[in-house]
Amino acid sequence: MNKKCLPLLLLLIVMSVFFLGCSSKQETKAPASGNLMVGMVTDAGTIDDKSFNQGTWEGIMKAGTDFSFKPKYLRPNGTTEADYDKEIANLHDAGYKLIITPGFKFENSIFTAQDKYADTKFVLLDGVPHPGSDYSKTKVGNNTVSINFAEHEAGFMAGVAAALQIKNGEFGFIGGMEIPAVQRFNWGFQQGVTYANANLGTKIGLKAENVIYQGTFNDVAAGQQLAAQMYDKGVNVIFAAAGGVGVGVINEAVARTKANHPVWVVGVDVDQYSQGFYDEGKTKSVILTSAVKCINQAAYDMIKGLKDGTFPGGQTLTFNAKNDGVGIPGNNPNLREDVVSKVKEVFGNLKAGKITVAAKGDGLFR
């Protein structure tokens, strides 16, 4: 059950994680000469945000250990294009030859940087370089790799798992900004619940009023307030795809569970189980499961590709169920064994193409 990500076969655009989990299982090779210069510019938040920044940094740090180099990250003072441009320039000027950026907010900056710094390679996670808001002029330079994830498939698997565990109840969704990646999580989650109700004997409700986008990724207080309102209406499980807003959702679930009113959260991007501890021994968590993307593996594999001379510059890669790039964590303490077994079966059908999850919201809430 504790399946783990395996290295990406870059030339075939195949990477591996098996269904449940994105913890690295790279083969450690002899240390490199120590001349790798790899840097990261963080998005809003820190490298210990238990989300996108942290997942990216963990992959970079693992590569640093395996390939004998010391990575560096810079945290911008703000979240504007100018803020990102400044830190990318700082890393370039300091000699960093691979710069990894997590999040769609870097799309404009990487569009410019890939031409301006042709001697540097770039990895853009969760986005495609383009100018302004004009996606018709998307460009992935020969020194750039754009990596996207099938969030709808990760959300689908989390929806199936949560529905099977709860069986009968009400679910909700709280997103951060209403952007494509967050929307796909939402739509996939809805489809997972619908699939479980139709095929697996569950009776889960999901109302339009309980599908909300807060509008930011950093308003913790707003996330807690929205969660409180939703739980007060009888919602049992909230899928929070919202960064810092999601932290507020988790905080509210922890507070209620400590007060003997147990509720659940589905985490996002990485395994957020440890963020939901509510007991003194830090073993019990409000995180039912998480919809994960193999962010750490993506970062690691791009560094390995640079080291090995197989960096797939100019390509846009999609990590999905078929290449084991999304799923739920390898270890889910709050899921029964029968649930884990059934979810694994469903994932196998998704991977084999027997189940199709739409990446669009036609007929779905928001």
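**Notebook: helix α8, a mixed sheet and two spaces**

I began with helix α8 and listed its buried residues, which are Ile 295, Asn 296, Gln 297, Ala 298, Ala 299, Tyr 300, Asp 301, Met 302, Ile 303, Lys 304 and Gly 305. I note here that I am reading a predicted model. Since eleven of the 14 residues of α8 are buried, I wrote down that this helix is largely enclosed by the rest of the structure.

I then checked the length of α8, residues 295–308, and at 1.5 Å a residue its 14 residues should span 20 Å, which agrees with the 20 Å that I found between its end C-alpha atoms. Just after α8 I came to Gly 309, whose phi is positive, near 80°.

Next I looked for positive phi values in residues other than glycine. One of these is Asp 269, with a phi near 70°, and I placed this residue in strand β11, which covers residues 264–269. Is Asp 269 buried or exposed? Its relative accessibility is 10%, and because buried means under 20%, I count Asp 269 as buried.

Another is Asp 324, which has a positive phi of about 60° although it is not a glycine. I found Asp 324 in the loop between β13 (316–319) and β14 (326–327), and at 10% relative accessibility Asp 324 counts as buried.

I turned to the sheet and traced six strands, which form an open sheet in the order β9-β8-β10-β11-β12-β14 with mixed pairing. Which strands stand at the edges? They are β9 (203–213) and β14, and each has a single partner strand, so one side of each is left without a neighbour in the sheet. For β14 I looked up the pairing with strand β12 (residues 287–293), which is antiparallel and runs over two bridges. Within this pairing I noted that Val 292 has Gly 327 of β14 as its bridge partner. I also saw that helix α4 (residues 151–166) packs on the sheet, where it touches β8 (168–175), β9, β10 (237–241), β11, β12 and β14, and that the direction of α4 makes about 165° with that of β12.

My next entry is on the largest pocket, which holds about 770 Å³ of space. Of the 38 residues that line this pocket, the closest to its centre are Asp 43, Phe 104, Ile 179, Phe 217 and Asp 269, so I met Asp 269 of strand β11 again here. The elements that give two or more residues to the lining are α1, α5 (180–199), β10, α7 (244–258) and β11. Which element gives the largest share of the lining? I found that it is α5, with five residues.

I also looked for enclosed space, and the count came to one cavity of 30 Å³ or more. The largest cavity holds about 30 Å³, and its lining is made up of Asp 271, Tyr 273, Ile 287, Leu 288, Thr 289, Ser 290, Pro 329, Asn 331, Asn 332 and Pro 333.

My last entry is on Thr 42, which I found in the loop between β3 (38–41) and α1 (52–67). Thr 42 is buried, with a relative accessible area of 1%. Which residues are in contact with Thr 42, leaving aside its neighbours within four places in sequence? I listed Ile 47, Asn 53, Tyr 73, Leu 74, Arg 75, Pro 76, Tyr 84 and Phe 106.

Methods
Residues are numbered from 1 along each chain as its sequence is written. This is a predicted model: local features need pLDDT of at least 70, side-chain atom pairs count only at pLDDT 80 or more; totals for chains, interfaces and linings use all residues. Side-chain values use heavy atoms; hydrogens and water are left out. Helices (H or I, at least four residues) and strands (E, at least two) are DSSP runs, numbered from the N terminus. Buried means under 20% relative accessible area, exposed over 50%, partly exposed in between (1.4 Å probe, protein chains only). The expected span of a helix is 1.5 Å times one less than its number of residues. Contact means heavy atoms within 4.5 Å. Two strands pair if DSSP finds at least two bridges between them. Axes are lines fitted to C-alpha atoms, for helices over the stretch in contact, and angles run from 0 to 180 degrees between N-to-C directions. On a 1 Å grid over the protein atoms alone, a cavity is a set of points where a 1.4 Å probe fits but cannot get out, and a pocket is an open set with protein on both sides within 12 Å along at least five of seven lines; lining residues have an atom within 4 Å of a point. Grid points are joined across faces, edges and corners, and a volume is the space filled by probe spheres set on the points.
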